[in-house]
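Trainee: I've got a fresh model open and would like to talk it through with you. Mind if I just fire off questions?

Mentor: Go ahead, and I'll give you the reasoning along with each answer.

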Amino acid sequence: MLQQLFSPSVQHTLDLVGIFVFAISGALLAVRKNFDVFGIAVLAEVTALGGGLFRDLIIGAVPPAAFTDLGYFLTPLLAALLVFFLHPHVERIQVGVNVFDAAGLGLFCVAGTTKAYEYGLGLTQSATLGLATAVGGGVLRDVLANEVPSLLRWDRDLYAVPAIVGATMVVLCIRYDILTPLTSGLAAVTAFVLRLLAMRFHWRAPRAWNRRSTVREE
């Protein structure tokens, strides 16, 4: 299983890195929306922890890790503080932040799927919660900021699809009893690379066939 891929300390560090970069994206949106320091902190926390909290509550892993590990709670606050004082500099390294965000997406979709299955869910349900773990925080971030979630916008590079692919690879490996540290890592890397390619080549999901909408495109 995924836990065998890294030692507990390395796994914990990777979790914190993923949480940190997700929190950066939330804090940056708060700055663009002209939120105050409290709003910046809230959006950072929600973006970083929302997906994992949702998953843990659904599968009954309570209290969620975000409330039992102080590092999970403090890391988004550190990201919020960094953005509060240094947001012009953080904006300039947005490409680097996006790369780490893609890495977090890959790691969390695999970790979420695996954890859901270990708590007794079926394969389809586990993959769904893997997706929710990876993208749930971003959806909550956009809703709180009064934005149409990026997940639902046609003019955004693919984000959910790489997570779906990663989660699907995990459940297929479980189904055929080949889930190993190697295949778990391959699923995470696949989601990561697909997200990078989507950003590089601006891959987007198709809209409705023969669409005749009168809604103004933004």
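Trainee: Let's start with a charged residue: is D56 buried or exposed?

Mentor: Keep in mind that this is a predicted model. The cut-off for buried is under 20% relative accessible area. D56 has a relative accessible area of 2%, so D56 is buried.

Trainee: Which residue forms a salt bridge with D56?

Mentor: As a general point, side chains of opposite charge can pair when their charged atoms come close. The cut-off here is a nitrogen to oxygen distance within 4 Å. For D56, the closest N and O atoms of the pair are 3.1 Å apart, and the partner is K115.

Trainee: And how many residues apart in sequence are the parts tied together by D56 and K115?

Mentor: D56 sits in helix α2, while K115 belongs to helix α5, residues 94–118. The pair therefore ties together parts of the chain whose separation in sequence is 59 residues.

Trainee: Which residue is linked with D56 and K115 in a network of salt bridges?

Mentor: D56 and K115 aren't just a pair, as they are part of a network of salt bridges. The other member of that network is R55.

Trainee: What about K33, which residue does its side chain meet in a salt bridge?

Mentor: The N to O distance for this one is 2.8 Å, and the partner of K33 is E147. The two come from distant parts of the chain, 114 residues apart: K33 from the loop between α1 (8–32) and α2, E147 from the loop between α6 (123–144) and α7 (160–175). K33 is partly exposed at 30% relative accessible area. At 28%, partly exposed also goes for the partner you asked about, E147.

Trainee: Where are D157 and R204, the pair with a 3.7 Å salt bridge?

Mentor: The side chains of D157 and R204 meet at 3.7 Å, N to O. D157 counts as buried at 19% relative accessibility, whereas R204 is partly exposed at 40%. The pair links distant parts of the chain, 47 residues apart: D157 is in the loop between α6 and α7, and R204 in the segment after α8 (181–201).

Trainee: How many salt bridges does the count come to?

Mentor: We've talked about D56 with K115, K33 with E147 and D157 with R204. Those are among the bridges in the full count, which is seven.

Trainee: Now the nonpolar surface patch: which element gives the most to it?

Mentor: The patch covers about 840 Å² and is made by V37, F38, V42, L81, L82, F84, F85, L86 and L144. Two elements give two or more residues to it, α2 (37–59) and α4 (70–92). With five residues, the one that gives the most is α4.

Trainee: Is L81 in that patch buried or partly exposed?

Mentor: L81 is found in helix α4, as is F84. F84 has 36% relative accessibility, so it counts as partly exposed. For L81 the value is 47%, and that makes L81 partly exposed.

Trainee: How many disulfides does the count come to?

Mentor: Take C109, which is buried at 0% relative accessible area, and C173, which counts as buried at 10%. The sulfur of C173 has its closest cysteine sulfur in C109, 12 Å away, and that is too far for a bond. The disulfide count is zero.

Trainee: Stepping back, how many helices does the protein chain have?

Mentor: Read along the sequence, the pattern is α-α-α-α-α-α-α-α. There are zero strands in the chain, and the number of helices is eight.

Trainee: Last one: what radius of gyration does the protein chain have?

Mentor: The C-alpha trace spans about 50 × 50 × 30 Å along its principal axes, and 44% of the 218 residues count as buried. Among contacts between residues at least 6 apart in sequence, 76% join residues at least 24 apart. A compact globule with 218 residues would have a radius of gyration near 17 Å, and the chain agrees with that, at 17 Å.

Key
Residues are numbered from 1 along each chain as its sequence is written. This is a predicted model: local features need pLDDT of at least 70, side-chain atom pairs count only at pLDDT 80 or more; totals for chains, interfaces and linings use all residues. Side-chain values use heavy atoms; hydrogens and water are left out. Patches are made of residues with over 30% relative accessible area and no salt bridge: like charges are joined within 9 Å, nonpolar side chains (Val, Leu, Ile, Met, Phe, Trp, Tyr) within 5 Å. Accessible areas come from the Shrake-Rupley method with a 1.4 Å probe; for residues, only the protein chains shown count as cover. Helices (H or I, at least four residues) and strands (E, at least two) are DSSP runs, numbered from the N terminus. Buried means under 20% relative accessible area, exposed over 50%, partly exposed in between (1.4 Å probe, protein chains only). The radius of gyration is taken over C-alpha atoms; the globule rule is 2.2 Å times the number of residues to the power 0.38. Contact means heavy atoms within 4.5 Å. A disulfide is a pair of cysteine sulfur atoms within 2.5 Å.
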